[in-house]
Amino acid sequence: MERRDLPSVDKLARDERLAGEPPALAVEAARTALARAREEIRAGHDPGDLGERALRELAAARTPSLRRALNATGVIVHTNLGRAPLPEAALERALEIGRGYSNLEYDLSAGARGSRQDHVAAILRRLTGAEGALVVNNNAAAVMLALAALAEGREVLVSRGELIEIGDGFRIPDVLARSGARLREVGTTNRTRAADFERAIGPVTAVLLRVLQSNFRVVGFTVQPSVSELASVAGRNAHPHV
């Protein structure tokens with residue numbers, strides 16, 4: 001078969017084997033099948049029955065991509081493998097609630113619209129001792145919202161050794177820029193001390209940011225202040241605008 005012998009997308013989508021399919025899906029499957037057929041012809045192969053190919057493309061499109069996997073990495077909480085498995089009690093509860101409607105954003109006691117955060121915020125405050133809690137999709141979103149609330153238009157101090165790129169391409173400087181805060185680097189790549197933060201604090205400083213080294217390491221001659229040390233620095237330098 002030559003490429004000129006291939007049918008048009010519209011003709012293949014009207015194949016009788018695709019007659020019962022939604023038109024948009026049939027066209028998409030036909031387009032993909034023809035694209036793969038062109039590649040095979042260029043490679044010197046016979047693309048075979050194009051109608052059958054289109055049916056296989058439809059089946060592949062309908063096959064769920066999320067599936068069970070075996071974690072043999074040695075990392076129990078693995079981000080790429082869904083982090084930690086859910087306990088049976090959580091799964092049963094999700095199944096029970098998911099079978100019907102729920103009060104996801106409805107306050108049953110007030111008889112009015114509520115917030116989905118109400119179901120978890122109090123629990124998180126109790127677990128962490130924080131004054132407030134908000135659940136978002138990922139850490140990058142959490143950092144951006146926190147900085148937008150606390151440091152928009154002001155300075156955020158970050159160690160040069162922590163200006164990293166985290167999962168899915170999120171970069172700390174970019175997250176800071178999106179939040180409206182201004183980045184100020186302190187220390188060096190391998191050695192940053194609490195005193196570096198203390199010297200850099202000024203009237204427009206809003207936040208001392210610490211980035212967790214979860215997916216990278218700086219080894220060798222390194223110094224890094226602890227969270228408690230940074231909290232002490234912030235406490236000593238707090239002013240009415242912080």
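**Reading a strand, a sheet and two pockets**

Guide: I166 is found in strand β4, which covers residues 165–166. The model before us is predicted, and every value below is computed from it.

Visitor: Is I166 buried, partly exposed or exposed?

Guide: The reading rests on relative accessible area: under 20% is buried, over 50% is exposed, and what lies in between is partly exposed. I166 has a relative accessible area of 23%, so it is partly exposed.

Visitor: How far apart are the C-alpha atoms of I166 and I97?

Guide: The two residues are 69 places apart along the chain, and their C-alpha atoms are separated by 34 Å.

Visitor: Let us turn to the sheet. What is the order of its strands?

Guide: The order of a sheet lists its strands by who stands beside whom in space. Here an open sheet of 3 strands has the order β6-β3-β7, and the pairing is parallel. The strands β6 (182–186) and β7 (205–209) stand at the edges; each has a single partner strand, so one side of each is left without a neighbour in the sheet. On average, with direction ignored, neighbouring strands of this sheet are turned by 30° against each other.

Visitor: How many bridges join β3 to β6, and which residues stand opposite each other?

Guide: Strand β3, residues 155–159, runs parallel to β6 and is joined to it by 5 bridges. Among the opposed residues, S159 faces V186 of β6, and V158 stands opposite E185 of β6.

Visitor: How many bridges join β3 to β7?

Guide: There are 4 bridges between β3 and β7, which also run parallel. E155 has T205 as its bridge partner in β7, while L157 stands opposite L208 in β7.

Visitor: Which way do the side chains of β3 point?

Guide: The general idea is that side chains in a regular strand alternate between the two faces of the sheet. In β3, E155, L157 and S159 point one way, V156 and V158 point the other way, and all are buried.

Visitor: Why is β3 described as largely enclosed?

Guide: The reason is a count: 5 of the 5 residues of β3 are buried, so β3 is largely enclosed by the rest of the structure. The edge strand β7 is also largely enclosed, because 4 of its 5 residues are buried.

Visitor: Which helix lies across β3 and β7, and at what angle does that helix run to β7?

Guide: Such an angle compares two N-to-C directions on a scale from 0 to 180 degrees. Helix α6, residues 139–151, lies across β3 and β7 and runs at about 150° to β7.

Visitor: L145 belongs to that helix. Which residues is L145 in contact with, beyond its neighbours within four places in sequence?

Guide: With those neighbours left aside, L145 is in contact with L134 and V136. L145 and L134 are 11 residues apart in sequence, and their C-alpha atoms are 9.6 Å apart in space. L145 counts as partly exposed, because its relative accessibility is 41%.

Visitor: What is the volume of the largest pocket, and how many residues line that pocket?

Guide: A pocket is read by its volume and by its lining. The largest pocket has a volume of about 1,100 Å³. It is lined by 26 residues, and R83, N138, N139, A140 and I166 lie nearest its centre.

Visitor: Which element gives the most to the lining of the largest pocket?

Guide: Helix α6 gives the most, with 7 residues. At least two residues of the lining come from each of α6, α7 (172–179) and β7. By class, the lining of this pocket divides into 15 nonpolar, 8 polar and 3 charged residues.

Visitor: R83 lies among the residues nearest the centre of that pocket. Where in the chain is R83 found?

Guide: R83 is found in the loop between α3 (50–62) and α4 (88–98). Its phi is near 60°, a positive value in a residue other than glycine. R83 has a relative accessible area of 45%, so it is partly exposed.

Visitor: How much space lies in the second largest pocket, and which residues lie nearest its centre?

Guide: The second largest pocket holds about 520 Å³ of space. Of its 15 lining residues, R68, L81, G82, A84 and P85 lie nearest the centre. The lining of the second largest pocket has 9 nonpolar, 3 polar and 3 charged residues.

Terms used. Residues are numbered from 1 along each chain as its sequence is written. This is a predicted model: local features need pLDDT of at least 70, side-chain atom pairs count only at pLDDT 80 or more; totals for chains, interfaces and linings use all residues. Side-chain values use heavy atoms; hydrogens and water are left out. Two strands pair if DSSP finds at least two bridges between them. Contact means heavy atoms within 4.5 Å. On a 1 Å grid over the protein atoms alone, a cavity is a set of points where a 1.4 Å probe fits but cannot get out, and a pocket is an open set with protein on both sides within 12 Å along at least five of seven lines; lining residues have an atom within 4 Å of a point. Grid points are joined across faces, edges and corners, and a volume is the space filled by probe spheres set on the points. Ala, Val, Leu, Ile, Met, Phe, Trp, Tyr, Cys and Pro count as nonpolar, Asp, Glu, Lys and Arg as charged, and the others, Gly among them, as polar. Buried means under 20% relative accessible area, exposed over 50%, partly exposed in between (1.4 Å probe, protein chains only).
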